[in-house]
Amino acid sequence: IFFCTFVCWRHIPLIDKTGLYDSIYEKLQRWAHKGCAINGYVVMPNHVHLLMYAPPGASINDILGNCKRWWAKVIIDRLTEAKNHNMLFRLQRDVDTHRYAKGQWFRVWEPSSDIKTCFSETMILQKLNYIHRNPLQEKWRLAETPEAYLHSSAAFYTHGGPTPMPVVHWKECFR
């Protein structure tokens, strides 16, 4: 199980601005059909935290790279459709010439994802707690309780409630 974090370029709330939530859930469900499992998550306005099981032989870097490329395309398509030229210009001006020459025309994500292997139950529980409390931070104040934030797995772990993204309890990945 991996704890993964990826952030929008310059912490711009692109996820919220483009309503990317639906695309995030859709793409992660596709990976679930390929043997991955989402064990915990929170989708914030400008970043995502995941606890994700990747089956043996699968590369978590490849999985996240695939997801981030797809979501970048969706974000750019939605900004284009909304005629948000200012944001498109802002994301385009930060692409260096080397990346532009390789076909990257917009900067949507920070260059690297933070990926940590969870080696113990203690670490998994610590990361789940961190993920679920993220929307309550003073700088966000997106919910009164962890389970009240819609874009999180907290309701699943608190009372088995439904979540927009199907969650597999982390203990299931060790059976």
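His151 touches Tyr21, Tyr25, Tyr41, Val42 and Val43, leaving out residues up to four places away in sequence. In this predicted model, His151 sits in the loop between α6 and α7 (154-159). Is His151 buried or exposed? His151 has a relative accessible area of 13%, and because buried means under 20%, His151 counts as buried.

**The nonpolar core**

Let us turn to the core. The largest nonpolar core has 56 residues, and those that touch the most other members are Leu14, Ile15, Ile24, Leu50, Leu91 and Trp109. At least two residues of this core come from each of β1 (2-7), α1 (14-18), α2 (21-32), β2 (37-43), β3 (47-53), α3 (60-81), α4 (85-93) and α6 (121-133). Which element gives the most to this core? That is α3, with ten residues.

Leu91 makes a good stop for a newcomer. Setting aside its neighbours within four places in sequence, Leu91 is in contact with Trp9, Ile12, Leu14, Ile76, Leu79, Trp105, Phe106 and Arg107.

**How α3 meets α2**

Next comes a pair of helices. The axes of α2 and α3 are 10 Å apart, and the two helices pack at an angle of about 150°. Since angles over 145 degrees count as roughly antiparallel, α2 and α3 are therefore roughly antiparallel to each other. The crossing in which α2 passes α3 is right-handed.

On the α2 side, the residues that meet α3 are Asp22, Ser23, Ile24, Lys27, Leu28 and Trp31. Their partners in α3 are Ile63, Asn66, Cys67, Trp70, Trp71, Val74 and Arg78. By kind, the residues of this contact are eight nonpolar, two polar and three charged.

One of the α3 residues in that contact, Trp71, deserves a closer look. Trp71 lies in helix α3 and counts as buried, at 0% relative accessibility. Leaving out residues up to four places away in sequence, Trp71 touches Phe6, Leu20, Ser23, Ile24, Lys27, Leu28 and Trp109. Among these, Ser23, Ile24, Lys27 and Leu28 are also listed on the α2 side of the contact with α3. Between the C-alpha atoms of Trp71 and Leu50, which are 21 residues apart along the chain, the separation is 15 Å.

**How α3 meets α4**

Helix α3 has a contact with α4 as well. The axes of α3 and α4 cross at roughly 145° and come within 8 Å. From α3, the contact is made by Ile76, Leu79 and Thr80, and from α4 by Met87, Leu88 and Leu91. The residues of this contact divide into five nonpolar, one polar and no charged. Leu91 appears here again, and Ile76 and Leu79 are among its contacts.

**Two loop residues with positive phi**

Finally, here are two loop residues that can be set side by side.

| Residue | Phi | Loop | Relative accessible area |
|---|---|---|---|
| Arg10 | near 55° | between β1 and α1 | 48%, partly exposed |
| Lys83 | about 55° | between α3 and α4 | 60%, exposed |

Arg10 has its positive phi in a residue other than glycine, and Lys83 likewise has a positive phi although it is not a glycine. Why does Lys83 count as exposed? Lys83 has 60% relative accessibility, and exposed means over 50%. Arg10, at 48%, is partly exposed, because partly exposed covers the range between under 20% and over 50%.

Definitions and conventions: Residues are numbered from 1 along each chain as its sequence is written. This is a predicted model: local features need pLDDT of at least 70, side-chain atom pairs count only at pLDDT 80 or more; totals for chains, interfaces and linings use all residues. Side-chain values use heavy atoms; hydrogens and water are left out. A nonpolar core is a set of buried Ala, Val, Leu, Ile, Met, Phe, Trp, Tyr and Cys residues joined through side-chain atoms within 4.5 Å. Buried means under 20% relative accessible area, exposed over 50%, partly exposed in between (1.4 Å probe, protein chains only). Helices (H or I, at least four residues) and strands (E, at least two) are DSSP runs, numbered from the N terminus. Contact means heavy atoms within 4.5 Å. Axes are lines fitted to C-alpha atoms, for helices over the stretch in contact, and angles run from 0 to 180 degrees between N-to-C directions. Angles under 35 degrees count as roughly parallel, over 145 as roughly antiparallel, 65 to 115 as roughly perpendicular and the rest as oblique. A crossing is left-handed if the near helix is turned anticlockwise from the far one by less than a right angle, and right-handed if clockwise. Ala, Val, Leu, Ile, Met, Phe, Trp, Tyr, Cys and Pro count as nonpolar, Asp, Glu, Lys and Arg as charged, and the others, Gly among them, as polar.
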